[in-house]
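Student: Got a minute to go through a structure with me? I'd like to talk about its chain contacts and pockets.

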There are 2 protein chains.
Amino acid sequence: MERKEIPKAVLHRLPVYLSYLKSLPADAPEHISATALANALGMGQVQVRKDLAMVSDGGRPKVGYERAVLAEDIARFLGYDNTNDAVLIGAGKLGCALLGYTGFAEYGLNIAAAFDVAVSAERTECGKPVYPMQMLEQFCRREKILMGIITVPAAVAQQVCDDLIACGVKAIWNFAPTHLDVPQGILVQNENMATSLAVLSKHLSAQMMGY
Amino acid sequence: MERKEIPKAVLHRLPVYLSYLKSLPADAPEHISATALANALGMGQVQVRKDLAMVSDGGRPKVGYERAVLAEDIARFLGYDNTNDAVLIGAGKLGCALLGYTGFAEYGLNIAAAFDVAVSAERTECGKPVYPMQMLEQFCRREKILMGIITVPAAVAQQVCDDLIACGVKAIWNFAPTHLDVPQGILVQNENMATSLAVLSKHLSAQMMGY
């Protein structure tokens, strides 16, 4: 089988197209062209055309794409139609926030359960079960969990990451503001809110200093 | 005044150093070298040394940096010591999650209030006031708010973004999975969870197909 690498930049743009398509009212025109999409999003026409051609063969000259079909094609390409079950480690403030966030279902993510060192017996948080850490391995093996979400403090994130990998997890969504070492074949996606805040506050202080 | 651009890559690494320094136990050695920091984080020595030299002049040959002073210097550089007040628009699931997240204080962010179209009279959510949208401008002007956090659906995010800019906001933290058009001088930092999920689920489907 030929290995086909999808450029990361494309993976960053596709959810934006999908989100725009989904945001259109039901009575919007049935077809949309790459040009119209590019204009609406303030992006380059050539880029949008190439991106869409990579995920859908439904584009017709002068007509464009059938809107609903294009949205489906993008969602399928991104894997949103295959629900991924995930476990979340660290049921603190941020962890509970994510547990209670219903928006993930739209992107094919289901947080099956949370685990926390401070929990000694199963309890429910935001409608999801929270288990003691000792039950992690058994749960992951039984449910064939491939994705782990880390919302523990930075100091213990590497240990939790190692535990998840030992339980068979292949993809890690890391909210702890720290670098994680992982073996080959494991993907870490960092959601570093501290970094975002650094970028924003740096911009504001530059503004206030009159740069 | 000379304009000094901080490379974005440095802004991405500094919070990682800071987080590591803060995670060390109180009885850890008082000094730390760039080399020790680089090794602990699995990063390049030369890069770490250059980054630290950019934010702190406390490094001494053979001794390294005084740990507490280095942490302070990084925090000051990142603007974490100057609290930024922000408003949050969209008190849905994700918005409320962020309102209730106490971890932001550590990074100098205080969400002063939230605003929502569905709110007609002030109410409290996660310990923070939530106001009707009509009160946004008055609040932002009075409190001199420079940062806005967008947690509304993608379809209305641009409108909310325009409203925030009209109220004097200069930096926008965008959680809506959509592209925002802004005039020069306004910074948008996108926190696109949909993108992260796309990257993760693409990795998992590639794994399962045996790539």
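Tutor: Sure, we'll take the interface and then the pocket. This is a predicted model, where local features need pLDDT of at least 70, side-chain atom pairs count only at pLDDT 80 or more, and totals for chains, interfaces and linings use all residues. Residues are numbered from 1 along each chain as its sequence is written, chains are lettered from A, and side-chain values use heavy atoms, without hydrogens and water.

Student: How many residues of chain B are in contact with chain A?

Tutor: 59 residues of chain B are in contact with 60 of chain A (heavy atoms within 4.5 Å).

Student: And how much area do they bury?

Tutor: About 5,800 Å² between them, 71% of it on carbon and sulfur atoms; that's accessible area (1.4 Å probe) lost on being put together, summed over both. B:Leu197, B:Leu200 and B:Lys202 supply 11% of the area chain B buries there, more than any other three residues.

Student: How many salt bridges between the chains?

Tutor: Zero, taking a Lys or Arg side-chain nitrogen within 4 Å of an Asp or Glu carboxyl oxygen.

Student: OK, pockets. What's the volume of the largest one?

Tutor: About 960 Å³, the space filled by probe spheres set on grid points joined across faces, edges and corners. A pocket here is an open set of points on a 1 Å grid where a 1.4 Å probe fits, with protein on both sides within 12 Å along at least five of seven lines; lining residues have an atom within 4 Å of a point.

Student: Which residues are closest to its centre?

Tutor: Of 35 lining residues, A:His12, A:Gln189, A:Asn190, B:His12 and B:Asn190.

Notes. Buried area is the accessible area (1.4 Å probe) that two parts lose on being put together, summed over both.
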